[in-house]
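Here are my notes on the aromatic contacts and the internal cavities of this one. Have the model open while you read, since the points go place by place.

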Amino acid sequence: GAFLLISAGPSAFVNKHLLCNPALVWVGLISYPLYLWHWPLLTFLKILTGDPSRTNRAVAVITSFLLAYLTYRLIERPIRTARRVRPFSVAAQPASLVVAMVMALGAGTFILTENGLRDRTLPAHMELAKRNASELAWTSEKSADCQTILGVPSAFCITFGNRARIRTAVIGDSTANSLAPGLARYYANEEDGLINVGSWTCPPIRGISSSIPGTVTQQYDCIEITRRTYEYILASKDIQLVILSIFSRDLKSWTVPGLSADASIQDRFEKLKPMLDRDLSALENKGIRVVVTYDTPRLPIPASACLDRLPNFLKEARCQVLESELIDRHPHVDLFDQFLGSRSNICVFRQSDLMIHGGRVRYFDDEGLLLVRDGIHLSYNGSNQMADAYTRSKCFTPLSHSADRPRDFSSLTD
């Protein structure tokens with residue numbers, strides 16, 4: 001391509017009208033320093049943030065142009081236009097280049113043979129960025145042994161600890177699934193097991209379905225999943241504790257028998273109350289202790305966006321969101337509060353105690369590690385810390401023969 005452009009001569013249309021444009025000529029003058037600057041800037045941005053946003057990439061490119069221009073003006077052009085060059089400098093240049101090449105080759109060979117530099121550690125903020133990038137991933141959705149227990153396809157079906165002696169069940173929608181690995185640290189071991197069953201947006205209430213167009217919700221039968229789940233729990237001789245996790249904001253998307261799709265939130269809940277009361281009573285009559293949690297906040301900014309914002313990432317306060325900015329929190333949580341407040345035998349665990357502090361939402365813990373992996377669900381760190389908060393609450397009762405020390409299930413894969 002370059003040969004053809006040169007052969008065409010200066011009068012060729014492309015050369016005369018396009019490549020002779022002052023803007024392109026200017027880019028050509030700074031092209032080499034631009035090449036040298038843009039790559040490290042983009043690379044370090046990737047290291048710092050994990051997944052840079054378009055805005056951050058654009059800022060890095062603009063910065064590259066600015067640095068390239070300064071390099072051209074202050075370094076490259078003065079060297080190229082220097083009038084006096086000492087004979088010694090001319091003679092020393094080839095030798096200097098040879099020495100530099102030999103040193104670079106030697107350093108590269110040493111690093112290669114040593115399999116990298118010893119005792120090389122990332123700066124604290126870079127190490128934290130790397131850990132936070134890993135917190136965005138989630139693999140604890142299904143285990144191979146679990147689906148045979150339920151007997152029907154579901155989005156979430158996973159067991160922890162001793163599968164032959166399941167004593168704790170965490171059931172509900174995807175918020176239940178994000179709680180399970182953390183709770184398993186206290187309720188699952190060689191003697192006792194924990195099971196998590198549910199599906200996207202499916203509440204742990206029999207007879208209720210959920211369907212949000214264009215989502216994975218439509219792949220699973222909520223009613224059948226919940227029915228089979230209760231059959232399994234009520235038939236079990238081992239299960240002592242059931243934790244129902246409900247994302248109350250989904251109330252408006254649930255299909256409640258006898259109500260139209262445009263029914264109000266209040267009408268939906270009134271129709272829902274006897275159904276929830278029936279299921280809670282069925283569990284209690286079996287001697288099972290019941291805990292309900294339903295106040296998971298819907299965050300206006302996803303966790304990945306907090307990592308994308310490089311200036312915010314480097315500051316102590318990141319992704320500041322006021323509690324008043326949470327999406328569709330009321331009256332959904334209020335309705336559950338009023339209903340369950342009259343049932344003293346049902347323990348309500350409030351996730352807000354960990355997620356909201358001083359009127360602000362917490363995306364990160366005190367060490368700067370993510371508590372959430374998106375706009376709703378806990379990260380593995382968040383799941384562990386939520387379980388720790390649960391053990392400090394009035395809802396926690398250790399099972400007999402449970403392990404004294406918590407275990408880490410964050411590495412569990414499908």
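**Cavities first, then rings**

1. Start with the second largest cavity, whose lining is made up of Phe247, Ser248, Arg249, Asp295, Thr296, Pro297, Arg298, Leu326, Ile327, Asp328, Arg329 and Val333. Keep in mind throughout that this is a predicted model. The space inside this second cavity comes to about 50 Å³. By class, 5 of its lining residues are nonpolar, 2 are polar and 5 are charged. Among the charged ones, look for Arg249, Asp295 and Arg298.

2. How many cavities of 30 Å³ or more are there? The count is 4, and the largest has a volume of about 70 Å³.

3. Now the lining of that largest cavity. Ile171, Gly172, Val197, Gly198, Ser199, Cys202, Pro203, Pro204, Ile225, Thr226, Thr229 and Tyr230 surround the space. They split into 7 nonpolar and 5 polar residues, with no charged ones. Set that beside the second largest cavity, where 5 charged residues take part in the lining.

4. Which elements supply at least two residues each to the lining of the largest cavity? They are the strands β2 (166-172) and β3 (193-198), together with helix α10 (222-235). Helix α10 gives the most, with 4 residues.

5. Tyr230 deserves a second look. Besides lining the largest cavity, Tyr230 has Arg206 over its ring face, at 4.7 Å from the ring centre. A further contact of this kind involves Trp138: the charged end of Arg373 sits over that ring, 4.0 Å from its centre.

6. On to ring-ring contacts. Searching the whole structure turns up 13 aromatic pairs. Take Phe269 and Phe339: their ring centres are 6.2 Å apart and their planes meet at 80°, so this pair counts as edge-to-face. The two partners come from distant parts of the chain, with Phe269 in helix α11 (residues 265-285) and Phe339 in helix α14 (residues 332-340), 70 residues apart. Are these two rings buried or exposed? Both Phe269 and Phe339 are buried.

7. Last, a group of rings to display together: Tyr186, Tyr187, Phe349, Tyr390 and Phe396 form one aromatic cluster. I'd show this cluster in a separate view from the Phe269 and Phe339 pair, which joins helices α11 and α14.

Definitions and conventions. Residues are numbered from 1 along each chain as its sequence is written. This is a predicted model: local features need pLDDT of at least 70, side-chain atom pairs count only at pLDDT 80 or more; totals for chains, interfaces and linings use all residues. Side-chain values use heavy atoms; hydrogens and water are left out. Rings of Phe, Tyr and Trp (its six-membered ring) pair if their centres lie within 6.5 Å; planes under 30 degrees apart count as stacked, over 60 as edge-to-face and the rest as tilted. Buried means under 20% relative accessible area, exposed over 50%, partly exposed in between (1.4 Å probe, protein chains only). A charge sits over a ring if NZ of Lys or CZ of Arg is within 6 Å of the ring centre and within 35 degrees of the ring normal. On a 1 Å grid over the protein atoms alone, a cavity is a set of points where a 1.4 Å probe fits but cannot get out, and a pocket is an open set with protein on both sides within 12 Å along at least five of seven lines; lining residues have an atom within 4 Å of a point. Grid points are joined across faces, edges and corners, and a volume is the space filled by probe spheres set on the points.
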